[in-house]
Amino acid sequence: MSELKKMNIPFSPPDISELEIEKVVDVLKSGWITTGPAVKEFEQKICEYIGVNKAVALSSATAALEGALRVLGIGEGDEVIVPAYTYTATASPVCHVGATLRIADVSKDSFELDIEKVEALINEKTKAIIAVDLGGIIADYDALYELAEKYRGIFAAKSDMQKALGRIAVIADGAHSFGSKKNGKCAGQIADFTSFSFHAVKNLTTAEGGALTWKPIEGISDDEIYKDLQLYSLHGQSKDALSKNKAGAWEYDILYPAYKCNMTNINAAIGLAQLERYDGLLAWRKELNEKYTEAFRARGVICMDHYTDEMESTGHLFLIRIPGASEEQRNQVIADMAERGIACNVHYKPLPMLTAYKNLGFDIADYPNAYGQYANLISIPVFSIMTAEQNQYVIDNFIEVLEERGLV
């Protein structure tokens, strides 16, 4: 190890300023800490930031993704296709609604769904394809829309929403892409439905939380979709707590035995403060990522293209691949970095490597491209409160570790 002064660098700490604290204190003092005015304001600010008509703030991106499946009427007897290279939260909502999970491999040396593999899985039971904006890079939804149109003739609608759509739904797991843009369009404007995450490690956090946005569907009003998602998130109750709190307005009904995944005013207060600062947070993250890219590509390391002529990613994750490295060598590099005080990660273990999905019959041997992406991948820490000095410390140590291991 070199004589570099040792630092301790976490993987992704939250960026909480006095503004977030002030807004949370205001909510606490207001006496209204569950879903209320701050949540409604946060939803409106999300709409304005992205450029959509409606957004629903929920307790997580997982709840948002499940909400999309449920308002589409997807359930038992239906099939949904997801990529092998993703986190379980992309796939588990499919299981929650009772649909059959289909997993497609990614293309070779890519995190994008292999379109031929996706097409091979499509049949009259296919109701949705979920793609993932990994690290903040918006997926190729144009290719998925082309597939959905190609198979419009065999699409068997089972709900009013499905009939109005008339084809396979294209859904974005945008857990990493709140604020990303591609060809002038924001994440949230591109897929039929987009789920966002505001978990503690995300670029914009509400501690825990998420949101769902959608494109207008002809014949279905945005207000109707919004109402359905409100019912889904609060026990199927015909009035939320804010409405019930009005004098004499206690009366309510339960329209169906639904779920409990609403966002609180406390969470929304954090989100409102984050939104006020968000453009600056993304700009600094971009600067940090570009320094990484310049240093590592010069050593032959493969880096994702977060910033191109067509793409302005959130740069949420800095994923790198070490050509020729084995899974064991990758793990050794992560251990070496930990000894130097630097927390690294791997995003992600492909779904077929996990017990839950093995138990459903999936085998990683059938997904060689996903395994190839995973085996030599490392997630390097990047966060908006990272200093330039910390950024350089990671660069210097990572290069030194690779050299010591004979990997560059």
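Student: Is Glu 149 buried, exposed or partly exposed, and at what relative accessible area?
Tutor: Bear in mind that this is a predicted model. Buried would need a value under 20% and exposed one over 50%, with partly exposed in between. Glu 149 falls in that middle class because its relative accessible area is 40%.

Student: Which side chain does Glu 149 meet in a salt bridge at 3.5 Å, N to O?
Tutor: The cut-off for a salt bridge is 4 Å between a side-chain nitrogen of Lys or Arg and a carboxyl oxygen of Asp or Glu. At 3.5 Å, N to O, Glu 149 has such a contact with Arg 167.

Student: How many residues apart are Glu 149 and Arg 167?
Tutor: Glu 149 sits in helix H6, while Arg 167 is in the loop between H7 and strand E5 (169–173). So the bridge links distant parts of the chain, and the separation in sequence is 18 residues.

Student: Is Arg 167 buried or exposed?
Tutor: Under 20% is the limit for buried. Arg 167 has a relative accessibility of 8%, so the label is buried.

Student: Which residues are joined with Glu 149 into one network?
Tutor: Look for salt bridges that share partners. Following those from Glu 149, you get a network that also takes in Arg 152, Arg 167 and Asp 192.

Student: What is the relative accessible area of Asp 78?
Tutor: Asp 78 forms a salt bridge with Lys 158, and their closest N and O atoms are 3.2 Å apart. That pair links distant parts of the chain, with Asp 78 in the loop between helix H3 (61–71) and strand E2 (79–83), and Lys 158 in the loop between H6 and helix H7 (160–165). Asp 78 counts as buried, because its relative accessible area is 0%.

Student: How many residues apart in sequence are the parts that Glu 276 and Lys 23 tie together?
Tutor: Here the side chains of Glu 276 and Lys 23 meet in a salt bridge, 3.3 Å from N to O. Glu 276 belongs to helix H10 (residues 265–297) and Lys 23 to helix H1 (residues 18–30), so the pair ties together parts whose separation in sequence is 253 residues.

Student: And how many salt bridges does the structure hold?
Tutor: The Glu 276 and Lys 23 pair is one salt bridge, and Asp 78 with Lys 158 is another. For the structure, the count is 19.

Student: Which helix holds Glu 146?
Tutor: Glu 146 belongs to a negative surface patch, along with Asp 140, Asp 142, Asp 309 and Glu 310. Glu 146 counts as exposed, because its relative accessibility is 58%. Its place, within residues 141–150, is helix H6.

Terms used: Residues are numbered from 1 along each chain as its sequence is written. This is a predicted model: local features need pLDDT of at least 70, side-chain atom pairs count only at pLDDT 80 or more; totals for chains, interfaces and linings use all residues. Side-chain values use heavy atoms; hydrogens and water are left out. Patches are made of residues with over 30% relative accessible area and no salt bridge: like charges are joined within 9 Å, nonpolar side chains (Val, Leu, Ile, Met, Phe, Trp, Tyr) within 5 Å. Accessible areas come from the Shrake-Rupley method with a 1.4 Å probe; for residues, only the protein chains shown count as cover. Lys and Arg count as positive and Asp and Glu as negative; His and the chain ends are not counted. The place of a charge is taken as NZ of Lys, CZ of Arg, CG of Asp or CD of Glu. Helices (H or I, at least four residues) and strands (E, at least two) are DSSP runs, numbered from the N terminus. Buried means under 20% relative accessible area, exposed over 50%, partly exposed in between (1.4 Å probe, protein chains only).
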